[in-house]
Amino acid sequence: MNGVLYDFADGLYLNITNRCPCRCEFCIRNFTDHLGGTDSLWLDREPTVEEVIALLQAEDLSPYSEAVFCGYGEPTERLDEMLAIARWIKANTPLRVRVNTNGLSDLIHGRDTAADFEGVVDSVSVSLNQCTAEKYAALCHPVYGEAAFPALLTFTKNIRAHVPDVRMSVVGVIPAEDEEACRRIAEDLGVFFRVR
């Protein structure tokens, strides 16, 4: 299946959905069809768990240090499938498992999802992207409106109890004062911050 696995730096990336509750103005999918060694990250259909595992089994995993759920959609849109694949990776490979997320899993699924990640995911990177609900909604256009921002903060706070490495990030397109405010939010939540 073209576009499900792709490599970037020393990570093997898993693109398991194109669905996302946000329409971020800076999103890479607005500007190109591909990343890494793939022709296109637009999926004809979502792969099954079994199909992803078969692709992983056929792949030489030795060049990679981690498997990263990140593609042209929000991986937690397929939370159960993502976690099933992650469990297989943890049981059958030496790779660490990271999830790059917009932090809206709780809104997507209508419940607190943080505990689902425990023992399955080694690292979570939450895209913070702005420092207030109003600015976040204007930049990322979530279907949940301004409710998205406090939800992603709550998700980040909760996930810290279940995943050893939690980070927040922003894209370097926002004003410096907003970037600094985002850094303070991450520090207040006790997580690492980076500009990507």
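**Exercise 1.** State which strands helix α6 lies across and at what angle it runs to β7.

*Solution.* Helix α6 (residues 176-189) lies across β6 and β7. Its direction makes about 160 degrees with that of β7; angles run from 0 to 180 degrees between N-to-C directions, along lines fitted to C-alpha atoms, for helices over the stretch in contact. Contact means heavy atoms within 4.5 Å. Helices (H or I, at least four residues) and strands (E, at least two) are DSSP runs numbered from the N terminus. The model is predicted: local features need pLDDT of at least 70 and side-chain atom pairs pLDDT 80 or more, while totals for chains, interfaces and linings use all residues. Residues are numbered from 1 along each chain as its sequence is written, and side-chain values use heavy atoms, without hydrogens and water.

**Exercise 2.** Determine the order of the strands in the sheet and explain why β1 and β7 each have one side without a neighbour.

*Solution.* First, the order: seven strands form an open sheet, β1-β2-β3-β4-β5-β6-β7, with mixed pairing. Two strands pair if DSSP finds at least two bridges between them. Next, the edges: β1 (5-8) and β7 (192-195) each have a single partner strand, so one side of each lacks a neighbour in the sheet. Finally, the twist from one strand to the next averages 25 degrees.

**Exercise 3.** Trace the chain from β3 to β4 and give the handedness of the crossover.

*Solution.* Begin with the pairing: β3 and β4 are parallel and share four bridges, and Phe 69 stands opposite Val 99 in β4. The chain passes from β3 through α2 to β4 in a right-handed β-α-β crossover. Right-handed means that, with the strands pointing away from the viewer, the path from the first strand over the helix to the second runs clockwise. As for β4 itself, five of its six residues are buried, so it is largely enclosed by the rest of the structure. Buried means under 20% relative accessible area, exposed over 50%, and partly exposed in between (1.4 Å probe, protein chains only).

**Exercise 4.** Describe the surroundings of Ser 169.

*Solution.* Locate the residue first: Ser 169 belongs to strand β6 (residues 165-170). Its relative accessible area is 1%, so Ser 169 is buried. Beyond its neighbours within four places in sequence, Ser 169 is in contact with residues including Val 126, Asn 129 and Arg 194. A polar contact of 2.7 Å links the side chains of Ser 169 and Arg 196. Such a contact is a pair of N or O atoms within 3.5 Å; within protein, one must be able to donate a hydrogen and the other to accept it, and residues adjacent in sequence count only if both atoms are side-chain atoms.
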